[in-house]
Amino acid sequence: MLQLLRGKKSSLLVKIVLGLVVIGFSFFGIESYFVANIDTSVARVGKGEISQEQFRERFAQYRQRMVQMMGEGGDASFLDRPEIKLQLLNSMVDERVLLDANDKLGIAISPDRIRSEILAIGAFQNDGKFDPDQYRMLLSSQGMTPAGFEQRVRDDLAVRELPQQVNATALVTDAEIDTYLRLKDQRRDFHYAKLPKPVAKPDAEVSDADIESYYKEHASEYMTPERVALDYVELDAAGVHVDETPDDSVLKDRYEKEKARYVTAEQRLASHILVKVGGKGGPDDQKAALAKAEDIESQIKSGKSFADLAKKESDDLGSKNSGGDLGWLDKGSTDEAFETALFALQKDEVSKPVLSSEGYHIIELRDVRPGKTRPFEEVRADLAKEYAETEKERVYAEKAGRLTDLVFQNPASLEPAVKELGLKVGKTALFPRMGGDGIAANPGVVKAAFSDSVLVQNNNSDPIEIGPNHVVVVRIAEHKPAEPIPLETVKLSVRSRILAERLSKEAKDQADALFAELGKGETLEQLAGKHDLKIEEQKGIGREAAVPEGTLVQAVFAMPRPAEGKSEFKLVDMAGDEYALVRLDAVVDGDPSKLDAKTREATRNTLTESLGSVTTREFVSALRKNTRVTLSEKRLEE
């Protein structure tokens with residue numbers, strides 16, 4: 001084809017072909033041949049994705065919660081295990097699946113519901129009432145805006161919406177309650193005899209040949225673990241020193257650039273009376289609600305107390321008892337129609353009925369708090385503190401970036417980084433792949449220490465984050481490979497293990513032999529007399545009983561119900577080379593008719609909650625099966 005084109009490059013055919021090629025590039029973009037389309041997501045859910053950044057943010061939040069729950073001294077290293085990260089990722093995938101289902105089913109969270117959820121959060125309240133200033137201050141301290149937080153609340157409510165509706169469909173019948181109570185309160189009668197453990201003989205012989213053979217067969221258990229010791233340098237923002245008393249000119253410049261942060265918006269102190277639309281929300285229901293709202297409005301205009309009418313007539317349970325008080329409201333914190341009406345009122349004025357997704361509102365504007373700008377002198381201390389923190393972060397970021405460059409440019413030494421950045425070289429003791437003390441307790445450090453690049457190629461590691469704004473770079477100082485422990489060193493230990501395994505086998509063989517005798521027609525009493533065993537009787541034992549041992553009770557309740565006039569037998573491993581022969585004589589079910597209505601209702605609630613939980617999990621699982629989900633587990637570690 002190319003030869004043909006070269007031979008007829010001036011022909012009409014060539015011009016047409018080249019024209020088609022040009023058109024093709026114009027549609028698909030020639031840059032697609034030079035720019036790689038790299039997928040860095042940790043999961044793809046339907047047409048969407050979960051990015052590494054989203055996962056890292058969620059994992060950081062999860063880790064912080066778990067560390068707070070464990071308190072000081074808690075070991076959070078298990079959180080870095082791949083299975084924990086995968087569990088969290090699957091939870092995020094389930095959330096995406098539910099949000100997609102909401103979109104398909106047309107389920108949306110109303111602004112009023114988001115507002116109610118935020119108003120109920122205790123951290124944003126002062127003396128039991130929502131405090132807008134406290135709300136903004138707390139969000140700002142977490143680096144969040146009200147809009148961003150409201151979106152997070154919306155997503156959280158949306159994720160819970162479908163599961164709550166599915167959970168509400170769980171139904172438990174009276175027959176199911178009776179069955180549960182009969183099993184829960186079941187009692188069992190049984191006899192058992194514990195078998196004596198074989199006694200170790202002090203003069204038991206173990207030949208050298210047996211010891212050597214056992215040692216060879218279990219060679220992997222008699223090895224000193226592979227260990228390494230590290231040299232390392234660390235960079236911690238907490239140790240970065242900056243000028244914490246900057247000139248006022250620097251602070252004033254920052255104040256002018258960020259003045260919007262110190263401007264409080266106009267706020268309005270409002271009360272309302274809500275009239276919800278009843279029935280199915282049809283035209284007649286709408287008319288009835290509007291008529292009631294207009295009647296309330298006319299009563300207010302005739303002189304009746306707004307607060308008294310709110311207590312009597314309002315359908316808003318959250319504000320009804322306080323006379324309809326909603327507190328101080330900002331723009332953007334309520335339904336659009338409600339907000340438009342509120343900010344159009346004059347002080348002490350009452351609105352006409354306003355329709356929102358909740359119903360009809362009659363709004364009273366009780367006071368207005370104008371917006372104002374906090375002066376420089378008032379916020380100077382905050383600006384100075386923020387300046388010091390941001391300067392620390394800036395200097396740390398610069399040094400961290402330079403550290404990365406230096407260890408990359410000089411992979412065989414930490415000295416260039418030590419000299420230029422003024423760092424000190426630390427040293428760890430030898431530690432195995434399970435980790436050690438100090439920085440060697442950090443899973444990321446252990447992983448790097450035993451990586452091919454650091455251990456085999458003897459390079460510096462990449463910077464490893466061991467805390468917020470805190471990194472270390474490590475390299476191998478000493479390496480001790482795994483090696484066998486000499487037989488002479490562990491000879492006594494090997495002998496003890498051989499004798500312990502012999503005793504364990506003897507105990508099991510003895511128990512199996514006695515249980516076989518039961519199967520051949522011997523009674524428990526005959527066996528007890530023949531082998532000098534003590535038979536214990538237990539009557540009316542419940543499944544939660546702690547006496548006799550829990551292991552024995554669990555085994556008894558796992559036995560099948562005996563036929564009328566007969567017994568069931570079982571050999572129970574009590575652990576520690578101890579066994580028991582058990583005879584189950586009788587099973588008596590609980591009697592639901594003897595329980596009062598309160599107990600039955602509590603049982604119904606327990607079963608309903610359990611059934612709802614199972615149903616919800618199955619529902620989410622079904623949604624997930626019908627959604628194309630691809631996980632990239634390796635990227636969780638990147």
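The following legends describe close-up views of a predicted model.

**View 1. The three-stranded open sheet β2-β1-β21 and the helix lying across two of its strands.**
Three strands make up this open sheet, in the order β2-β1-β21, and their pairing is antiparallel. The edge positions are taken by β2 (48-51) and β21 (629-631), each of which pairs on one side only. On average, neighbouring strands of the sheet are turned by 15° against each other, direction ignored. Strand β1 (residues 41-45) is joined to β2 by four bridges. Within this antiparallel pair, valine 45 is placed opposite glycine 48 of β2. Helix α3 (residues 52-70) lies across both β1 and β2, and its direction makes an angle of about 55° with β2. Strands of a sheet pair through backbone hydrogen bonds, either parallel or antiparallel.

**View 2. Aromatic pairs, with phenylalanine 59 and tyrosine 62 of helix α3 as one example.**
The structure holds ten aromatic pairs. In one of them, the ring centres of phenylalanine 59 and tyrosine 62 are 6.4 Å apart and the ring planes stand at 45°, so the pair is classed as tilted. Both residues belong to helix α3, where they are three residues apart, about one turn of the helix. Phenylalanine 59 and tyrosine 62 are both buried. In another pair, tyrosine 215 and tyrosine 222 have ring centres 5.8 Å apart and planes at 35°, so this pair too is tilted. Tyrosine 215 is buried, as is tyrosine 222. A pair of aromatic rings is described by the distance of the centres and the angle of the planes.

**View 3. The packing of helix α6 against helix α7.**
Helix α6 (residues 132-141) packs on helix α7 (residues 146-167) at an angle of about 85°, and the two axes are 10 Å apart. Angles of 65 to 115 degrees count as roughly perpendicular, and α6 and α7 are therefore described in that way. On the α6 side, the contact involves Tyr135, Arg136 and Leu139, which meet Pro146, Phe149 and Glu150 of α7. Sorted by class, the residues of this contact comprise four nonpolar, no polar and two charged residues. Two residues of the contact, Tyr135 and Phe149, also belong to an aromatic cluster that includes Phe124 and Phe130.

**View 4. Strand β5 between its pairing partners β18 and β20.**
Strand β5 (residues 187-195) is mostly covered, with seven of its nine residues buried. Six bridges connect β5 to strand β18 (residues 535-542), and the two run antiparallel. Arginine 187 is found opposite glycine 542 of β18. With strand β20 (residues 578-588), β5 forms nine bridges, again in the antiparallel sense. In that pairing, aspartate 189 faces alanine 586 of β20. In a regular strand the side chains alternate between the two faces of the sheet.

**View 5. The hairpin of strands β15 and β16.**
Strand β15 (residues 464-467) pairs with strand β16 (residues 470-480) in the antiparallel sense, over three bridges. Glutamate 465 has valine 471 of β16 as its bridge partner. Two residues lie between the strands of this hairpin, and asparagine 469 adopts a positive phi near 50°.

**View 6. Valine 407 in helix α15 and its contacts.**
Valine 407 is part of helix α15 (residues 376-409). Its relative accessibility is 6%, and valine 407 therefore counts as buried. Leaving aside residues up to four places away in sequence, valine 407 touches Asn460, Ser461, Pro463 and Val473. Of these contacts, Val473 falls within strand β16 (residues 470-480). Glutamate 483 is 76 residues from valine 407 along the chain, and the C-alpha atoms of the two are separated by 32 Å.

**View 7. Alanine 516 in helix α19.**
Alanine 516 is located in helix α19 (residues 487-519). With a relative accessibility of 35%, alanine 516 counts as partly exposed. Between alanine 516 and proline 468 the C-alpha to C-alpha distance is 64 Å, for a sequence separation of 48 residues.

Definitions and conventions:
Residues are numbered from 1 along each chain as its sequence is written. This is a predicted model: local features need pLDDT of at least 70, side-chain atom pairs count only at pLDDT 80 or more; totals for chains, interfaces and linings use all residues. Side-chain values use heavy atoms; hydrogens and water are left out. Buried means under 20% relative accessible area, exposed over 50%, partly exposed in between (1.4 Å probe, protein chains only). Contact means heavy atoms within 4.5 Å. Two strands pair if DSSP finds at least two bridges between them. Axes are lines fitted to C-alpha atoms, for helices over the stretch in contact, and angles run from 0 to 180 degrees between N-to-C directions. Angles under 35 degrees count as roughly parallel, over 145 as roughly antiparallel, 65 to 115 as roughly perpendicular and the rest as oblique. Ala, Val, Leu, Ile, Met, Phe, Trp, Tyr, Cys and Pro count as nonpolar, Asp, Glu, Lys and Arg as charged, and the others, Gly among them, as polar. Rings of Phe, Tyr and Trp (its six-membered ring) pair if their centres lie within 6.5 Å; planes under 30 degrees apart count as stacked, over 60 as edge-to-face and the rest as tilted.
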